[in-house]
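User: I would like to learn how to read a ligand site together with a helix that contributes to it. Could you take me through the features in turn?

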Amino acid sequence: MFPIKATSNKQPIIIVGGGLAGSLLAWSMKQKGINFHLYADKKACASRVAAGLINPVTGQRFVLAEHTPDMLTFAKGFYRNIEQAIDIHCFFEKPMKRLFLSQKEQENCKKRLKNDRYAKFLKNELPPQTLNAEHSGITQTQTAWLDTNTLLDALHQYFEQHGCITYASFLEAESKQHIIYCEGYHMQNNPLFSWLPLQAAHGEIITCKSAKILPDYIINKGKWLLPVSEHDCRIGATYETDMETPTVQEVSKQQLLEFAEGAFTEPHSLEVTKHQAGIRPTTLDKQPFIGTHPKFSNIHIFNGFGSRGCLMIPWYANQLMQQQISQEANIQRYAQLCV
Ligand SMILES: Cc1cc2nc3c(=O)[nH]c(=O)nc-3n(C[C@H](O)[C@H](O)[C@H](O)COP(=O)(O)OP(=O)(O)OC[C@H]3O[C@@H](n4cnc5c(N)ncnc54)[C@H](O)[C@@H]3O)c2cc1C
């Protein structure tokens with residue numbers, strides 16, 4: 001069991017990593033009055049690259065996982081609270097035009113439309129004429145995006161004002177001090193947790209300027225285009241499991257541009273203004289890594305949020321606060337690998 005209460009008034013709990021996992025966990029602790037100190041270094045950070053999309057119904061089979069509706073409700077409230085508390089705007093609800101890639105996808109979606117659980121999330125309306133939708137499409141609702149950089153900058157500034165952040169790599173704690181590692185894919189270099197089955201996934205995103213006014217919805221056709229202003233959009237993302245360091249590749253840029261121009265019936269003359277790469281902390285069973293080290297009761301982890309950190313992190317940070325980590329996320333499921 002994670003000993004938050006036991007340590008709340010003594011030494012601060014150390015949080016290692018200033019990406020979304022560490023920073024949102026720190027925010028949750030601040031709200032509960034728990035004494036913590038966050039270490040954030042300048043290593044590659046997936047959260048600073050991510051487009052921040054929140055999409056409850058995913059994949060070619062249009063899956064709405066069991067806890068997703070609850071996670072979504074929780075995440076919305078969580079981000080809205082932060083927005084109010086520190087006076088920023090970082091959470092934007094935006095519908096998504098999902099264009100089917102094949103007849104098979106269309107059939108999969110039709111089945112979901114008959115299911116009441118999906119009624120709030122899928123709207124049976126044809127895509128606009130301005131989009132190339134050879135296999136038709138649908139509108140997804142309850143979709144959103146999180147401006148992760150605005151959020152992280154504001155949170156770090158807030159922690160700075162409260163004296164609970166150090167911009168450096170965490171090296172050593174006092175004996176028996178509680179430490180929660182939120183290192184993203186860098187966990188693979190941490191001997192305390194390198195036994196966990198991480199399947200890191202490299203990804204690239206481009207930011208573009210459009211000559212034409214962009215629509216006010218997200219376009220998703222395997223890859224996605226997210227308009228962030230009338231003339232600016234982000235386009236992503238590639239997904240590779242065989243790259244160990246974030247690297248921008250010309251071939252990926254061309255692939256993403258081709259997708260985006262091909263999504264519209266008329267050319268938008270997109271001009272690339274930024275090209276970024278990051279590594280997602282994806283796990284073998286697609287569930288997070290949360291909990292206490294099997295051998296050291298003061299060492300903990302909060303990681304493994306893969307491609308869906310924006311949706312999942314608030315929910316699981318709350319589980320940690322409640323000291324109720326669900327079985328599917330608890331690292332106890334892999335304890336036999338820790339030798
Ligand atoms: C191309 C791409 C697109 C994505 N798109 C989306 C999306 O649309 N929606 C979504 O929800 N998710 C998306 N993701 C996934 C999302 O980025 C992750 O789920 C999430 O950001 C993981 O956050 P994290 O804090 O665990 O890891 P990271 O963001 O990688 O942060 C880990 C941090 O820990 C720091 N660190 C490591 N070791 C130490 C140490 N010893 N001391 C101090 N600091 C340390 C690192 O410097 C880093 O800043 C995307 C990811 C990529 C790469």
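User: How many nonpolar, polar and charged residues does the shell around the ligand have?

Analyst: In this predicted model, the shell around the ligand has 19 nonpolar, 13 polar and six charged residues. Altogether 38 residues surround the ligand, and the closest are Asp-41, Ser-47, Leu-53, Phe-170 and Gly-306.

User: Which backbone atoms lie within 3.5 Å of a ligand N or O atom, the cut-off for a polar contact?

Analyst: Among them is a backbone N or O atom of Gly-306, 2.7 Å from an oxygen atom of the ligand, while for Leu-20 the distance from such a backbone atom to a ligand oxygen is 3.2 Å. Ser-307 instead places a backbone N or O atom 3.0 Å from a nitrogen atom of the ligand. Of the 1000 Å² of accessible area that the ligand has on its own, the protein covers 97%.

User: Where does the ligand lie with respect to the domains, and why?

Analyst: The ligand lies between domain 1 (4–50 + 149–196 + 285–337) and domain 3 (201–280), because both give residues to the shell around it. The elements that give two or more residues to that shell are α2, β11 (201–209), β15 (271–280) and α7 (309–322).

User: How should I read a helix such as α2, and is it mostly covered or uncovered?

Analyst: An α-helix has 3.6 residues a turn, so residues three or four places apart point the same way. Helix α2 (residues 20–31) reaches 16 Å from its first C-alpha to its last, close to the 16 Å expected for its 12 residues. The helix is mostly covered, with 10 of its 12 residues buried, including Leu-20, Trp-27 and Met-29. After α2 comes Gly-33, whose phi is positive, near 70 degrees.

Conventions:
Residues numbered from 1 in each chain as written. Predicted model: local features only at pLDDT ≥ 70, side-chain atom pairs only at ≥ 80, totals over all residues. Heavy atoms only, no water. Helix = DSSP H or I, 4+ residues; strand = E, 2+ residues; numbered from the N terminus. Expected span 1.5 Å × (residues − 1). Buried < 20%, exposed > 50% of the residue type's maximum accessible area, 1.4 Å probe, protein only. Near = heavy atom within 4 Å. Polar contact = N/O pair within 3.5 Å; in protein donor to acceptor, adjacent residues only side chain to side chain. Areas by Shrake-Rupley, 256 points an atom, 1.4 Å probe, with all protein chains shown as cover. Nonpolar A, V, L, I, M, F, W, Y, C, P; charged D, E, K, R; others polar. Domains from an automatic or database assignment.
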